[in-house]
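User: I have this model open at the bench and would like to know what stands behind each label. Could you take me through it?

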Amino acid sequence: MVNKHYPAEFKADAVALYRSRPGATIAQIADDLGVNRETLRSWVRADDQRRGATAGPAGPPAAGSVE
């Protein structure tokens, strides 16, 4: 399998597109853009970490979190 390297701007645009379409799934966006679903998922997770988020909008609280 060949590893593809995407420019940072493409990654940021892909994550922004996913976030701008609340009803869309990562699978739909990845398929539309022609990237691997897990690749897009990892970009979204990396962006979440960069923003300081521990879980996505619909995700459960992190294990051991205090609420």
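User: What makes up the secondary structure of the chain?

Analyst: It comes to three helices and zero strands, and read along the sequence the pattern is α-α-α. Helices (H or I, at least four residues) and strands (E, at least two) are DSSP runs, numbered from the N terminus. This is a predicted model, in which local features need pLDDT of at least 70, side-chain atom pairs count only at pLDDT 80 or more, and totals for chains, interfaces and linings use all residues. Residues are numbered from 1 along each chain as its sequence is written, and side-chain values use heavy atoms, with hydrogens and water left out.

User: What pLDDT does the chain average, and which elements have the lowest and highest means?

Analyst: pLDDT is the predictor's confidence in each residue, from 0 to 100. The chain averages 85, and 75% of the residues score at least 70. Among the elements, H3 has the lowest mean (96) and H2 the highest (98). Where pLDDT is low, the predicted coordinates should not be read in detail.

User: Why is Trp43 called buried or exposed?

Analyst: The rule is that buried means under 20% relative accessible area, exposed over 50%, and partly exposed in between (1.4 Å probe, protein chains only). Trp43 has 11% relative accessibility, so it counts as buried. Tyr6 has a relative accessible area of 22%, so it is partly exposed. Phe10, at 28%, likewise counts as partly exposed. Of the 67 residues of the chain, 19% count as buried.

User: How do you know that Tyr6 and Trp43 form an aromatic pair, and what kind is it?

Analyst: Rings of Phe, Tyr and Trp (its six-membered ring) pair if their centres lie within 6.5 Å; planes under 30 degrees apart count as stacked, over 60 as edge-to-face and the rest as tilted. By this rule the count comes to three aromatic pairs. For Tyr6 and Trp43 the centres are 5.3 Å apart with 80 degrees between the planes, which makes the pair edge-to-face. Tyr6 lies in the segment before H1 and Trp43 in helix H3, so the pair ties together parts that are 37 residues apart in sequence.

User: What makes Phe10 and Trp43 a pair?

Analyst: Their centres are 6.0 Å apart and their planes at 90 degrees, so this pair is also edge-to-face. Phe10 in helix H1 and Trp43 in helix H3 are 33 residues apart. Tyr6, Phe10 and Trp43 form one aromatic cluster.

User: Which residues make up the largest nonpolar core?

Analyst: There are 11 residues in all, including Ala14, Val15, Ile29, Leu40 and Trp43. A nonpolar core is a set of buried Ala, Val, Leu, Ile, Met, Phe, Trp, Tyr and Cys residues joined through side-chain atoms within 4.5 Å. Helix H1 (8-20), helix H2 (26-33) and H3 each supply at least two residues of this core.

User: What is around Asp47, and why is it called buried?

Analyst: Asp47 lies in helix H3 (residues 37-51) and has 11% relative accessibility, so it counts as buried. Its side chain is joined to that of Arg51 by a polar contact of 2.8 Å. A polar contact is a pair of N or O atoms within 3.5 Å; within protein, one must be able to donate a hydrogen and the other to accept it, and residues adjacent in sequence count only if both atoms are side-chain atoms.
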